[in-house]
Amino acid sequence: MRSPKDFFRPLAVGAPEPVREIPFRPSRMIHFFDPSNEKMAAKVPDMAAQADVVLGNLEDAVRADRKEAARAGLVKIARATDFGDTQLWTRINSLDSPWVLDDLITLVTEIGDKLDVIMVPKVEGAADIHYVDRLLAQLEARAGLTRPLLVHAILETASGVANVEEIATASPRMQGISLGPADLAASRRMKTTRVGGGHPGYLVREDPTGDDLTTGRATYQQDLWHYTVARMVDACAGAGILPYYGPFGDIADVVACEDQFRNAFLLGCVGAWSLHPKQIAIAKKVFSPAPADVAWARRVIDAMGDGTGAVMIDGKMQDDATVKQCRVVAELADALAARDPELAEAYVAEAAAVKSQEALANG
């Protein structure tokens, strides 16, 4: 039996101490780029100025004959770019691939001081995380790193979903988990060829109002991913790590993308992947609490004082449960405003407008 205290001991001599709490850093969008694409690589500084996270992708969407070029490109980009407050992540190749070992050895030893998070695809259980955990500790010791790299798992197999709770708690390095809808759909034998989003055939139908069963019955499209996202969010919340929606493949359909991102946000996700610059703006909008919601949350927090008892505000009862909900919104707003000056101004302006309206109402 292993002592729980061992959980926070380095897994290799000379490796940095594991983190005891995952720090929350704004990550509303994880923006993917192909480091082997020179045109895309040239845009990384501009991407870093817009996105909370930029991710050098080494796995899917990089052809087999471009894997080494992508790895070398990411090293070059990391060394040449000042990312400021923007996080640099990478998605390595899958653990059953011939490239993953070289991915980890090269990236940790050559640019481990620039990387924040390593995203691991197709994680099926805790054993996958344990393998990466030990290897990272050995490489961190070799490279003389003073802070541990964090690990992010992608949930894209049926086994991964079945084991999501043990994945979330497999290592102190676990930063978060993302939904990978395309590979997960294939693993489950789902009959959709879409990358994320809904499907018009997945619906409920209104009951008939008479003997006619064929006309006048409204249909409502359902969310294919509701169960999986909710389960992932619960697993992450229980482990103190962060849940994310993954990709939305229809770049042109910005309306459906915003809807899918918002569903994930309301369920508890802190961000989503962006595959195109237009999706950066969508994620920034959706995963930032609206100024009106933040102003309302602060009103409730102020009125509740020490957070106990109950008060009535605008005809709505508020108690200790609702003030906890409001603190989630207000604390997220504070964290995002510290990084995003435009958002900070919007929150201040809305708060001032609310106070002005209250003053007028009170005479």
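This is a short tour of a predicted model, going from the whole chain to the interface between its two domains. Residues are numbered from 1 along each chain as its sequence is written, and local features need pLDDT of at least 70. Side-chain atom pairs count only at pLDDT 80 or more, while totals for chains, interfaces and linings use all residues, and side-chain values use heavy atoms, with hydrogens and water left out.

Begin with the protein chain in cartoon view, where 14 helices and twelve strands appear (DSSP runs, H or I of at least four residues for helices and E of at least two for strands). Its C-alpha atoms fill a box of roughly 65 × 55 × 50 Å along the principal axes.

Next, colour residues 29-287 as domain 1 and 291-362 as domain 2, bounds that come from an automatic or database domain assignment. The C-alpha centres of these two domains are 32 Å apart.

Now select the interface, where eight residues of domain 1 are in contact with four of domain 2 (heavy atoms within 4.5 Å). The two domains bury about 400 Å² between them, 37% of it on carbon and sulfur atoms (accessible area, 1.4 Å probe, that two parts lose on being put together, summed over both). On the side of domain 1, show Asp52, Lys284 and Phe287, which lose the most area to domain 2, together 66% of what that side buries.

Finally, keep Asp52 and add Arg339: their side chains meet in a salt bridge at 2.7 Å, N to O (a side-chain nitrogen of Lys or Arg within 4 Å of a carboxyl oxygen of Asp or Glu). The count between the domains is two salt bridges.
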